[in-house]
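Student: I'd like a close look at one part of this structure, please. Start with a helix and the strands under it, and take me along from there.

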Amino acid sequence: MMKASVMGFNPDYSEEAPTFEDIQALGGYSILEFGTPWCGHCQASQTAVESVLKEKPELLHIKVFDGKGKRLGRQFSVKLWPTLILLKDGEEVDRIVRFTSPGDVMALLNRQI
């Protein structure tokens, strides 16, 4: 399993991002989160992500420390943090950006899952 990923809520951004190929090889639904520990918007969103994903322990949560020169974020065209991307079988199906409420995160999941 990738270092940046855990089942259910992942509290820590990982400097060791999976490759784009690792992401494409995933099966089922998973959440890919881009941000940084020092980003105020990212800090404000964590309660929302945690409250929803703790209720979804079967969902893989990949939390990637993004920034200049970080390839995976560029491959997903991430422009603002936090960005939460819902994947199905390694392909993006939806995303939310700069979200703050559990309702935003739940809506992302409910549109697809």
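Tutor: Let's start with helix α4, residues 102–110, which lies across β2, β4 and β5. Its direction makes an angle of about 160 degrees with that of β5. Please keep in mind that this is a predicted model.

Now pick out D94, which sits in strand β5. Is D94 buried or exposed? Its relative accessible area is 19%, and buried means under 20%, so D94 counts as buried. The side chain of D94 makes a polar contact of 2.6 Å with the side chain of R111. Setting aside neighbours within four places in sequence, D94 touches L84, I85, L86, L108, R111 and Q112.

Next, follow β5 to its partner. Strands β4 and β5 run antiparallel and are joined by six bridges. As background, strands of a sheet pair through backbone hydrogen bonds, and the pairing can be parallel or antiparallel. Two facing pairs help you line these strands up: L84 stands opposite I96 in β5, and K88 stands opposite E91 in β5. Together β4 and β5 make a hairpin, with two residues between the strands. In that turn you will find D89, whose phi is positive, about 50 degrees.

What lies on the other side of β4? Strand β2 also pairs with β4 in the antiparallel sense, again over six bridges. Here Y29 is the residue opposite K88 in β4. How much of β4 is buried? Five of its six residues are, so this strand is largely enclosed by the rest of the structure.

Stepping back, you can place these strands in the whole sheet. It is an open sheet of five strands in the order β1-β3-β2-β4-β5, and the pairing is mixed. At the edges are β1 (5–7) and β5 (91–97), each of which pairs on one side only. On average, neighbouring strands are turned by 20 degrees against each other, ignoring direction. A second helix to look for is α2, which lies across β2, β3 (60–65) and β4. The direction of α2 is at about 165 degrees to β2.

Let's finish with the aromatic rings. The whole structure holds three aromatic pairs. In one of them, the ring centres of W38 and W81 are 5.6 Å apart and the planes meet at 80 degrees, so the pair is edge-to-face. This pair connects distant parts of the chain, 43 residues apart. W38 is in the loop between β2 (29–35) and α2 (40–53), while W81 is in the loop between α3 (71–75) and β4 (83–88). How do the two rings' residues fare for accessibility? W38 has 58% relative accessibility and therefore counts as exposed. W81, at 19%, counts as buried. Elsewhere, ring pairs link F20, F34 and F76 into a cluster. One more ring deserves a glance: K63 lies over the face of Y13, 4.6 Å from the ring centre.

Note on methods
Residues numbered from 1 in each chain as written. Predicted model: local features only at pLDDT ≥ 70, side-chain atom pairs only at ≥ 80, totals over all residues. Heavy atoms only, no water. Phe/Tyr/Trp six-rings, centres within 6.5 Å; stacked < 30°, edge-to-face > 60°. Helix = DSSP H or I, 4+ residues; strand = E, 2+ residues; numbered from the N terminus. Buried < 20%, exposed > 50% of the residue type's maximum accessible area, 1.4 Å probe, protein only. Lys NZ or Arg CZ within 6 Å of the ring centre and 35° of its normal. Pairing = 2+ DSSP bridges. Axes fitted to C-alpha atoms, helices over the stretch in contact; angles between N-to-C directions. Contact = heavy atoms within 4.5 Å. Polar contact = N/O pair within 3.5 Å; in protein donor to acceptor, adjacent residues only side chain to side chain.
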